[in-house]
Amino acid sequence: MKKILTTFSVIVIILFVLSLFGWMVSHITKGDKRFGFITEPVKQVISFPDMFTQSVKEVKKLPGTFVPTPKNFKAVNNIQDDIYVLSSYSDTSDSRSVVVMNLKNDDILHKWTFKNPFNNHDRIVNPMMLPDSSLLYAFDCMSGIRRVDAQSNLIWKQDSVKQHHSMNLDADGNIWFCAFEPVYHATGMYQLNGKTVFYVDNYITQLDSATGRIMFHKSMTEILTDNNLEYYITKSDIPKDPIHINDVQPALKTTEYYNKGDLFISARNQSFIMHYRPSTNQIIEIIQGPFSCQHDVDFLNDSTLVFFNNNYYETHSNATMEPPKDSTRLHYAGDFYSNIVQYNLASHSFSFIADSIFRANEIFSNTEGLIELTAPGTFFVEEQNTGLIWILKDDEVIYKNVLKSQHKGHHHLPNWIRILN
């Protein structure tokens with residue numbers, strides 16, 4: 001009986017406090033009474049749901065160029081020397097900046113700012129600074145390339161093709177890049193069992209860096225068909241975008257395994273790297289192996305390529321079967337993350353760099369991503385989807401960080417950061 005009376009008394013007291021609080025709220029919101037020092041705390045309490053809702057709305061309104069920073073994120077910075085990078089990010093939905101930045105101390109040495117005429121999630125990807133401090137940039141898949149001087153004054157623009165992903169200089173200082181025709185319809189087609197299949201073709205394009213004039217422009221479909229390799233078009237499980245190149249890396253000199261001017265072309269949706277010779281329109285080799293949906297092919301030395309292996313499906317999917325009732329009948333295929341692959345052009349063999357570091361830190365990006373050699377045994381890694389950037393040296397993490405943004409709890413999405421030598 002005593003327990004019942006105690007419970008009843010507590011309920012009465014709670015109801016009284018709630019009634020009193022409601023009465024105070026009613027008069028505070030009407031503005032006809034004040035309750036001394038307690039007035040402002042009550043206002044804060046009753047406005048909290050509105051503030052929370054507004055905060056949620058603000059977060060939801062953030063474009064995809066901002067990424068949630070992991071809770072309890074801890075940066076690592078054991079860099080001994082200055083490392084200068086060229087990076088791009090969003091100031092606002094209609095403004096983009098490109099900066100020269102020192103990773104060692106986050107100092108910004110130079111900045112260009114441009115209006116974004118496209119959607120709030122469209123990005124400037126893989127900009128390039130030339131020796132005279134002029135800048136090459138484009139909005140990925142949305143515009144052609146522009147060259148501006150150090151004060152952002154336009155030198156030239158080339159809008160007859162659209163740039164995608166990477167830009168690289170050849171030995172003569174001209175620009176190679178992945179391109180699309182500036183149209184919004186199919187640019188490739190084939191017949192399959194009486195059905196016409198239309199798809200988006202990709203192009204490799206070379207520009208004169210001084211004038212922006214197109215020097216070379218060729219369809220990937222043409223390159224494949226000219227070399228009797230058109231059957232690769234049907235190997236992809238993405239019929240509308242069967243090739244999807246993301247990097248065109250020119251050879252800067254002649255070695256035993258490639259000629260100056262040769263191109264190494266990364267095709268994501270084919271999971272291959274093509275060794276192509278523009279001077280003869282010849283495919284020297286199609287490189288396939290223990291990698292999928294790779295990005296950013298580079299030279300490690302005169303006989304070895306390196307590239308970022310995403311290790312993902314061509315088609316984005318979370319599909320999986322239901323687990324079996326009898327788990328003893330399962331065959332384990334492994335634990336997959338992204339990694340750095342090196343390919344030896346002499347032996348045609350593959351090996352992996354810092355694979356244990358990728359696994360231990362769960363470094364994974366299902367799209368984009370890049371690597372750059374900053375010093376012997378030292379690799380810069382952009383884990384693009386998460387926005388984490390790393391420097392790995394001799395199988396050790398010496399740098400881990402994000403590009404800090406103006407939005408609390410979020411950082412900038414990296415857009416193919418370029419190491420400046």
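Helices, taken as DSSP runs of H or I with at least four residues, and strands, taken as runs of E with at least two, are numbered here from the N terminus. On that basis the protein chain of this predicted model contains four helices and 30 strands.

**The whole chain**

Begin with the entire protein chain selected and a surface displayed. The accessible surface comes to about 22000 Å², and carbon and sulfur atoms account for 56% of that area. Of the 421 residues in the chain, 47% are buried. If you turn on contacts between residues at least 6 apart in sequence, 50% of them join residues at least 24 apart.

**Salt bridges**

Side chains of opposite charge can pair when their charged atoms come close. The count for this model comes to 10 salt bridges, and three of them make convenient stops.

Select Lys 111 and Asp 91 next, whose side chains meet in a salt bridge with an N to O distance of 3.9 Å. Because Lys 111 lies in strand 5 and Asp 91 in strand 3 (residues 84-92), the pair ties together parts that are 20 residues apart in sequence. Colouring by accessibility separates the two partners, since Lys 111 is partly exposed at 41% relative accessibility, whereas Asp 91 is buried, with a relative accessible area of 19%.

Move on to Arg 147 and Asp 132, which form a salt bridge with their closest N and O atoms 2.9 Å apart. This pair links distant parts of the chain, with Arg 147 in strand 8 (residues 145-148) and Asp 132 in the loop between strand 6 and strand 7 (135-137), 15 residues apart. Here Arg 147 is the buried partner, with a relative accessible area of 10%, while Asp 132 counts as partly exposed at 47% relative accessibility.

The third stop is Lys 218 with Asp 226, a salt bridge in which the closest N and O atoms are 3.5 Å apart. Lys 218 counts as buried at 15% relative accessibility, and Asp 226 counts as partly exposed at 43%.

**Backbone angles in two loops**

Most residues other than glycine have a negative phi. Against that background, select Asn 126, which is not a glycine and yet has a positive phi of about 55°. Asn 126 lies in the loop that runs between strand 5 (107-115) and strand 6 (128-129), and with a relative accessible area of 5% Asn 126 is buried.

Then select Ser 271, another residue that is not a glycine but has a positive phi, in this case of about 50°. Its place is the loop between strand 17 (263-267) and strand 18 (272-277), where Ser 271 is buried with a relative accessible area of 12%.

**Cysteines**

Finish by selecting the cysteine sulfur atoms, keeping in mind that a disulfide is a covalent bond between the sulfur atoms of two cysteines. How many disulfides does the structure hold? The number is zero, and Cys 141 offers a case to inspect: the closest cysteine sulfur to its own is that of Cys 178, at 9.6 Å, which is too far for a bond. The cut-off for such a pair is 2.5 Å between the sulfur atoms. Cys 141 counts as partly exposed at 29% relative accessibility, whereas Cys 293, the last residue to select, counts as buried at 0%.

Conventions. Residues numbered from 1 in each chain as written. Predicted model: local features only at pLDDT ≥ 70, side-chain atom pairs only at ≥ 80, totals over all residues. Heavy atoms only, no water. Buried < 20%, exposed > 50% of the residue type's maximum accessible area, 1.4 Å probe, protein only. Contact = heavy atoms within 4.5 Å. Areas by Shrake-Rupley, 256 points an atom, 1.4 Å probe, with all protein chains shown as cover. Salt bridge = Lys/Arg side-chain N within 4 Å of Asp/Glu carboxyl O.
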